[in-house]
Amino acid sequence: MELPEAEIVCRQLRERLAGLRLLEFRILTRSYCDRRIKALPVRHRLLDVRRKGKFAVLHFASNNNHTGDVSVVIRFGMT
């Protein structure tokens, strides 16, 4: 995926999903997953989506004081 396409995907995610709460989170390819994940952003509200190179960074706000804010980084594939 080229940078213009990555930017378009991030803009579309931001426009369509910002403010919604994530109800389910599934990791489909565990080999790429950071094994230190402790708090998945389930029931968190999506604040913003930003692009950093060929990565999308999703920023979630916590729904309580116990977990804090969470960010999820998605790597776009090359195909």
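Just after helix 1, Gly 19 takes a positive phi of about 90°. Helices here are DSSP runs of H or I with at least four residues, strands are DSSP runs of E with at least two, and both are numbered from the N terminus. Before going on, a word on where this comes from: the model is predicted, so local features need a pLDDT of at least 70, side-chain atom pairs count only at pLDDT 80 or more, and totals for chains, interfaces and linings use all residues. Residues are numbered from 1 along each chain as its sequence is written, and side-chain values use heavy atoms, with hydrogens and water left out.

Now for the overall plan. The protein has one helix and three strands, and if you read along the sequence you get the pattern α-β-β-β. Of its 79 residues, 22% count as buried; buried means under 20% relative accessible area, exposed means over 50%, and partly exposed is anything in between, using a 1.4 Å probe and protein chains only.

Let's go back to helix 1. Its 15 residues should span 21 Å at 1.5 Å a residue, and the end C-alpha atoms are indeed 21 Å apart, which agrees. The expected span is 1.5 Å times one less than the number of residues. The buried residues of this helix are Ala 6, Glu 7 and Cys 10. Looking down the helix axis, you'd find these buried residues within an arc of 100°, so they line one face of the helix. That arc is taken from the directions that run from the helix axis to the C-beta atoms. On the other side of helix 1, Pro 4, Glu 15 and Arg 16 are exposed. And what covers the buried residues? Strand 1 and strand 2 are among the elements that do so.

Those two strands are worth a closer look. Strand 1 and strand 2 form a hairpin with two residues between them, and Gly 53 in the turn has a positive phi of about 65°. They run antiparallel and are joined by seven bridges; two strands pair if DSSP finds at least two bridges between them. You can pick out individual partners, too: Arg 50 has Val 57 in strand 2 as its bridge partner, while Lys 52 stands opposite Phe 55 in strand 2.

Strand 2 has another neighbour. Six bridges join it to strand 3 (residues 70-75), and this pair also runs antiparallel. Here Phe 55 stands opposite Arg 75 in strand 3. Five of the seven residues of strand 2 are buried, so this strand is largely enclosed by the rest of the structure.

What sits inside? In soluble globular proteins, nonpolar side chains tend to be buried together. In this model, the largest nonpolar core has nine residues: Ala 6, Cys 10, Leu 46, Val 49, Ala 56, Leu 58, Phe 60, Val 72 and Phe 76. Helix 1 (3-17), strand 1 (45-52) and strand 2 (55-61) are the elements that give two or more residues to this core, and strand 2 gives the most, with three residues. A nonpolar core is a set of buried Ala, Val, Leu, Ile, Met, Phe, Trp, Tyr and Cys residues joined through side-chain atoms within 4.5 Å.

Take Val 49 from that core. Leaving aside neighbours within four places in sequence, Val 49 is in contact (heavy atoms within 4.5 Å) with Cys 10, Leu 13, Arg 14, Val 57 and Leu 58.

Asp 48 is found in strand 1. Is this residue buried or exposed? Asp 48 counts as buried, at 17% relative accessibility. Not counting residues up to four places away in sequence, Asp 48 touches Arg 14, Val 57, Leu 58 and His 59. Its side chain also joins that of Arg 50 through a polar contact of 2.7 Å. A polar contact is a pair of N or O atoms within 3.5 Å; within protein, one must be able to donate a hydrogen and the other to accept it, and residues adjacent in sequence count only if both atoms are side-chain atoms.

Finally, the start of the chain. Leu 3 is found in helix 1 and is partly exposed, with a relative accessible area of 39%. Setting aside neighbours within four places in sequence, Leu 3 is in contact with Arg 51, Gly 53 and Lys 54. Met 1, in the segment before helix 1, counts as partly exposed at 25% relative accessibility. The C-alpha atoms of Met 1 and Gly 77 are separated by 6.3 Å, though the two residues are 76 apart along the chain.
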